[in-house]
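Biologist: I would like to learn how to read strands, cores and domain contacts from a set of coordinates. Could we go through one example together, feature by feature?

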Amino acid sequence: MTAPPPSHLFYQTRRRRPMLDQARGVYMWDVDGKRYLDGSSGAMVCNIGHSNPRVLEAMRRQMEKSTFGYRLHFETEAAERLAEKTAALSPPGMEKVFFVSGGSEAVESAIKLARQYALATGEAQRWKVISRYPSYHGSTLGALAVTGYTPMTAPFDAMMRPMPKIPAPRAYLDGLDASDPETGRHYADKLEARILEEGPETVLAFIVEPVGGASTGALVPPAGYMARIREICDRYGVLLIHDEVMSGGGRTGRFFAAEHWNVAPDILAVSKGFAAGYAPLGAMVAHDRIVEAVLDDGGFIHGYTYAGNPLACAAGLAVIEEIETQGLMENATRIGALLKARLAGLMNRFPIIGDVRGEGLLLAFELVSDRAAMTPLPREVKAFDRLVEIAYGHGLIIYSRRTRGGHEGDHFLVCPPMIATDEHVDEIIEGLTLSLDQLMQELAPAPGA
Ligand code: PMP
């Protein structure tokens, strides 16, 4: 890698990255000409692949008309059309769409709309938003308050109102059968217990990722869980918020992941794959009755300057068109099943793979030191970081996280764009095999040691 010049940019750490030159389809090239297979679609964002010519053309056409129209001055055709399309893709009754520029903003908007609905309906005592541990709902303070991931939340605890958390349904850790509806009931009932403990009249909402993302590593809910959660929320007048920031947009094989279980939330958040990285875009979609009540009560006291940006909306619309016309959700289902089976196949060669999970092309595997006991690798090994770096060296990009609290584990998301082919699956498995071999060698004690 060419030694990078000093930079004025900063993100989380001082770590530098190769300079990106260009990206096409599932591949990206740095300025040295090294090619990478984007095996995580960035951060599960670039769902339709890079530089799609039809999306670029739609954006160019919009740019020639206008790139910005302030929402309090103008309506734009791009935003209107995307709102109509988004409502059509959402569960019945969820007719109202509020645009934002990213996932954290979508989650903040959902929480604030829920709160205003409680105020509008004479339930001012409802303010608690129950969420799960682990979970990730965003970086801003409101979204962090419902995030279950202490390395990111702890420094800011003093500045936030603590929100109640229940454990995520990680059946594979508790030795429970995820296909047994009793398992779903077991975990969902933790929500009911928590609502009762908090006082149902104080609980505003429950927020959940239908298929888990970065925090749980593609956690698929056990049988019966999603439906029972819905029932419990209804029983206590608690709003159900689905965070589909990562799982929405088609990656699981359905536009919204909750469709797999036929359940509808009251409010949902979507971003990432919604404009698939072509522009910063997200949306909160809400049930009519919620939005009407809030608007009748004086309006939604919330909004972002870039909301409904016509260029972002034109990109979002073109992305959805591409998913539909090219059958990309069907491909995500087919290639996802193939990739999942091939990842599971790696378990024969690599005893350190403890679990393979996910739905469609939202897939992950977890590394352990003992598969039967799901004992995590020692923290000092930093497997979550090391394997990603090794794979990077082999030209394969994957995404990882180490969960904390309750159970620690290194998991790796393998989520190529939905345009991936059988050959790309071969290439991903080849890259992972090389990388895991190298990691195993590094983990093995030196001879004589
Ligand atoms: N919710 C979920 C489920 C996410 O995966 C993310 C991003 N990883 C967010 C919210 C926050 O989105 P953003 O980074 O776009 O603010």
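Modeller: Let us begin with strand β7, and keep in mind that this is a predicted model. Strand β7 spans residues 203-208 and is mostly covered, since 6 of its 6 residues are buried.

Biologist: Which strands pair with β7, and in what sense do they run, parallel or antiparallel?

Modeller: Strand β5 (residues 128-133) is joined to β7 by 3 bridges, and the two run parallel. Within that pairing, I130 has F206 of β7 as its bridge partner. Strand β8 (residues 239-244) also pairs with β7 in the parallel sense, over 4 bridges, and here I207 stands opposite I241 of β8. The connection from β7 to β8 passes through helix α9 (residues 225-236), and this β-α-β crossover is right-handed.

Biologist: Which residues touch the most other members of the largest nonpolar core?

Modeller: The general idea is that, in soluble globular proteins, nonpolar side chains tend to be buried together. In this model the largest nonpolar core has 135 residues, and those that touch the most other members are A114, F206, M284, A315 and V414. Helix α11 (residues 310-325) supplies the largest share of this core, with 10 residues.

Biologist: Why is this core said to lie between domain 1 and domain 2?

Modeller: The core lies between them because domain 1 (20-52 + 327-443) and domain 2 (55-325) both give residues to it. To look at one member, A114 touches L204, A205, L239, I241 and I267, leaving aside residues up to four places away in sequence.

Biologist: V414 is also on that list of core residues, so how should I read the strand that holds V414, and which way do its residues point?

Modeller: In a regular strand the side chains alternate between the two faces of the sheet. In β16, G409, H411 and L413 point one way, while D410, F412 and V414 point the other way, and all are buried. Strand β16 is accordingly described as mostly covered, with 6 of its 6 residues buried.

Biologist: Which strands are joined to β16, and by how many bridges?

Modeller: Strand β12 is joined to β16 by 5 bridges and runs antiparallel to it, with F412 of β16 as the bridge partner of F365. Strand β15 is likewise joined to β16 by 5 bridges, again antiparallel, and Y399 stands opposite L413 in that strand.

Biologist: How many residues of each domain are in contact with the other?

Modeller: The size of an interface is often given as the accessible area lost when the parts come together; here I shall count residues instead. In this model, 34 residues of domain 1 are in contact with 37 residues of domain 2. The elements giving two or more residues to the side of domain 1 that touches domain 2 include β12 (362-370), β15 (399-403) and β16 (409-414), and α12 gives the most to that side, with 5 residues. By class, the same side has 15 nonpolar, 13 polar and 6 charged residues. The centres of the two domains, taken over C-alpha atoms, are separated by 25 Å.

Biologist: As a last case, why does Y36 count as buried?

Modeller: Y36, which lies in strand β3 (residues 35-38), counts as buried because it has 20 C-beta neighbours inside 10 Å, and the cut-off for that class is 20 or more. Setting aside residues up to four places away in sequence, Y36 touches Y27, M28, G395, L396 and I397. By contrast, C46 is 10 residues from Y36 in sequence and 14 Å from it in space, C-alpha to C-alpha.

Terms used
Residues numbered from 1 in each chain as written. Predicted model: local features only at pLDDT ≥ 70, side-chain atom pairs only at ≥ 80, totals over all residues. Domains from an automatic or database assignment. Contact = placed C-beta atoms within 7 Å. Nonpolar A, V, L, I, M, F, W, Y, C, P; charged D, E, K, R; others polar. Buried ≥ 20, exposed ≤ 12 C-beta atoms within 10 Å, placed from the backbone. Pairing = 2+ DSSP bridges. Right-handed = clockwise from strand over helix to strand, strands pointing away. Core = buried A, V, L, I, M, F, W, Y, C linked by C-beta atoms within 7 Å.
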